[in-house]
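Student: I'm new to this one. Could you take me through a close look at the place where the ligand sits, and then a little of what else there is to see?

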Amino acid sequence: MCKRCVNRRANLLSWESTSYNLKYRRPLRCLAARKTISMQMNAPLEHLTTEEFEKLKRNALEARQRSYSPYSKFRVGCCIMLKSKECILGANVENASYGGAICAERTAVVKAVTSGARDNWLCLAISGDSLESCISPCGICRQVIREFADLKMPIVMFNGDGSKHVIKTLQDLLPLSFGPEDLAD
Ligand code: THU
């Protein structure tokens with residue numbers, strides 16, 4: 001197997017690195033001729049190259065540097081990757097009046113929407129500081145993401161150094177959800 005294939009195989013394995021996602025598992029095979037890697041191993045959706053996945057991870061991790069979290073000292077970073085592969089970053093912003101805290105995901109969502117990127121989201125990734133666990137979006141953030149994202153959109157949850165991740169679709173995280181179309185008539 002060529003070096004490129006070995007790298008891609010490693011990437012596929014890493015997409016499968018969580019036992020949560022085995023139901024989408026497919027047999028591994030040489031992908032030399034293909035430009036992109038299907039993320040269907042874990043979540044039915046679009047395609048990301050190895051480089052794009054690394055970009056997503058880097059941005060989700062780096063976004064934590066923008067966190068303002070003097071009260072909880074719990075930094076969270078978020079990256080929304082658009083279908084154009086442009087990344088919009090967010091971090092949690094806390095307040096002396098604790099209830100005023102805004103999560104990283106909602107910061108990123110509001111940034112995306114107010115910069116004109118209301119749709120065409122490819123995926124969303126988050127990271128906390130814990131090396132052991134991959135944090136997942138809180139309930140309010142799931143609902144806010146639901147307003148703009150396709151239910152099949154993958155949400156990638158990284159641990160603190162990006163060595164672990166879990167991938168779920170928005171549908172997985174927010175089953176039987178209520179959305180804009182439910183108000184239609
Ligand atoms: N936090 C997020 O940014 N995203 C979540 O999905 C969970 C919680 C933040 C809010 C607060 O600043 C800190 O983490 C502790 O709850």
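**A close look at the ligand site**

Tutor: Let's warm up on the outside: Tyr98 is exposed, since its relative accessible area is 62%, and exposed means over 50%. Keep in mind that this is a predicted model. You'll find Tyr98 in the loop that runs between β4 (87-91) and α3 (104-114). Together with Tyr68, Tyr71, Val93 and Ile102, Tyr98 makes a nonpolar surface patch of about 510 Å².

Now for the ligand. Around it you'll see Ser72, Phe74, Val76, Asn92, Glu94, Cys103, Ala104, Glu105, Ser136, Pro137 and Cys138. Sorted by class, that shell has six nonpolar residues, three polar ones and two charged ones.

Which atoms should you zoom in on? Start with Glu94, where an N or O atom of the side chain is 2.5 Å from an oxygen atom of the ligand. Asn92 also puts a polar side-chain atom 2.9 Å from a ligand oxygen. With Ala104 it's the backbone that takes part: one of its polar atoms there is 2.9 Å from an oxygen atom of the ligand. As for cover, the ligand on its own has 370 Å² of accessible area, and the protein covers 78% of that.

One last stop is Arg146, in helix α4 (residues 139-146). Arg146 counts as buried because its relative accessible area is 5%, and the cut-off for buried is under 20%. Its side chain makes a polar contact of 2.6 Å with the side chain of Ser177.

Notes:
Residues numbered from 1 in each chain as written. Predicted model: local features only at pLDDT ≥ 70, side-chain atom pairs only at ≥ 80, totals over all residues. Heavy atoms only, no water. Patch = residues over 30% accessible without salt bridge, like charges linked within 9 Å, V, L, I, M, F, W, Y side chains within 5 Å. Areas by Shrake-Rupley, 256 points an atom, 1.4 Å probe, with all protein chains shown as cover. Salt bridge = Lys/Arg side-chain N within 4 Å of Asp/Glu carboxyl O. Helix = DSSP H or I, 4+ residues; strand = E, 2+ residues; numbered from the N terminus. Buried < 20%, exposed > 50% of the residue type's maximum accessible area, 1.4 Å probe, protein only. Near = heavy atom within 4 Å. Polar contact = N/O pair within 3.5 Å; in protein donor to acceptor, adjacent residues only side chain to side chain. Nonpolar A, V, L, I, M, F, W, Y, C, P; charged D, E, K, R; others polar.
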